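Welcome, and thanks for taking a look at this one with us. Here is a short tour, from the overall fold down to a few individual residues.

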Amino acid sequence: DDLLQFYSISQYWYHDHFIGILQRHHIAETETSGGVKWAGKVDDEIVYSYNGIYWLRSKRESLLPRAPLGEFASEQVYTSSMIELEDGSLRFYSMGDIGEHFGAEPIEGIECKNNLFVSEMRQCGFVCLEPAGGYGYFTTRVLIPRNGDLRLNYKAPNGVVRVQVSNKSHQPISGFSFEDFVELRGDDTSSAVSWKEGKTIDDFIGNEIRLEFQLFQAQIYAIDWDFQIRYGDPIIERI
């Protein structure tokens with residue numbers, strides 16, 4: 001985006017990754033003189049890093065959307081504090097401005113005031129996978145489990161989540177298919193998974209498997225599990 005400049009960033013260590021809150025300055029296309037841009041709107045974007053040096057952008061969407069025109073946070077949003085609460089949810093403190101970013105005084109009669117905002121997010125709620133409509137499916141790479149404590153952060157208040165275990169060729173393993181899975185419904189940030197007859201992922205510790213997911217009116221936020229990724233996994237087209 002030619003009209004986007006990065007303003008500043010605050011960073012946090014979160015669940016074995018670095019999470020950054022990147023402030024973005026949407027500059028005015030009419031401001032053509034000089035290298036420094038003054039006018040424009042400001043909002044935030046979530047970025048992440050594995051080492052705190054090289055940063056990757058995610059969905060490139062605003063963490064907190066700007067408010068309707070004329071309200072606080074309609075022109076500028078600066079989120080500069082992220083706190084993890086005891087239940088795992090996240091709390092953000094932001095400054096919201098009613099006026100644009102200015103290097104000098106704004107136009108006569110235009111106010112530029114700000115206010116503090118507090119907002120919260122579920123644990124690991126930065127992104128999720130959700131079907132566009134009907135059933136949705138996704139599959140992991142080939143994984144080698146280190147333990148059997150597989151937990152899902154999901155939301156399905158009026159839907160369902162199913163999981164099946166397959167081999168590296170995408171063939172379901174007997175007893176661990178979608179039909180055998182004990183369905184997940186509701187809303188939970190750390191739900192254990194199991195199949196009929198009490199079967200769990202313990203059976204596959206140290207073996208190469210895939211996890212396949214089936215969602216209906218549901219969202220998956222995170223898979224909490226200790227595993228090794230088998231790199232060099234060939235891509236198999238499934239039509």
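## Fold at a glance

Read from start to end, the protein chain follows the pattern β-β-β-β-β-β-β-β-β-β-β-β-β-β. In numbers, that is 14 strands and zero helices. Please keep in mind as you browse that this is a predicted model.

Many of the contacts link distant parts of the sequence: among those with a separation of 6 or more, 64% join residues 24 or more positions apart.

## Dimensions and surface

How does the radius of gyration of the protein chain relate to that of a compact globule of 239 residues? The protein chain has 22 Å, while such a globule would have a value near 18 Å. Along the principal axes, the C-alpha atoms fill a box of roughly 75 × 35 × 35 Å.

Of the 239 residues, 40% count as buried. The protein chain exposes about 14000 Å², and carbon and sulfur atoms supply 51% of that area. As for charge, there are 22 positive and 36 negative charges, and their mean positions are 6 Å apart.

## Two cysteines without a bond

A disulfide is a covalent bond between the sulfur atoms of two cysteines. How many disulfides does the count come to here? The count is zero.

C124 is in no disulfide, and the nearest cysteine sulfur, that of C128, is 12 Å away. Why is C128 unpaired too? Its closest cysteine sulfur is the one in C124, and 12 Å is too far for a bond, because a disulfide needs the two sulfur atoms within 2.5 Å.

The surroundings of the two residues can be compared through their accessibility. C124 counts as buried, at 17% relative accessibility, whereas C128 is partly exposed, with a relative accessible area of 32%.

## A closer look at L211

For a view of the interior, try L211, which lies in strand β12, spanning residues 210–216. Is L211 buried or exposed? L211 is buried, with a relative accessible area of 0%.

Which residues is L211 in contact with, leaving aside its neighbours within four places in sequence? They are F138, T139, T140, L150, V163, Q164, V165, I201 and W225. If you would like a distance to check in your viewer, take the C-alpha atoms of L211 and F176: these residues are 35 apart along the chain, and the two atoms are separated by 10.0 Å.

Conventions: Residues numbered from 1 in each chain as written. Predicted model: local features only at pLDDT ≥ 70, side-chain atom pairs only at ≥ 80, totals over all residues. Heavy atoms only, no water. Helix = DSSP H or I, 4+ residues; strand = E, 2+ residues; numbered from the N terminus. Rg over C-alpha atoms; globule rule 2.2 N^0.38 Å. Buried < 20%, exposed > 50% of the residue type's maximum accessible area, 1.4 Å probe, protein only. Contact = heavy atoms within 4.5 Å. Areas by Shrake-Rupley, 256 points an atom, 1.4 Å probe, with all protein chains shown as cover. Lys, Arg positive; Asp, Glu negative; His and termini not counted. Charge placed at Lys NZ, Arg CZ, Asp CG, Glu CD.
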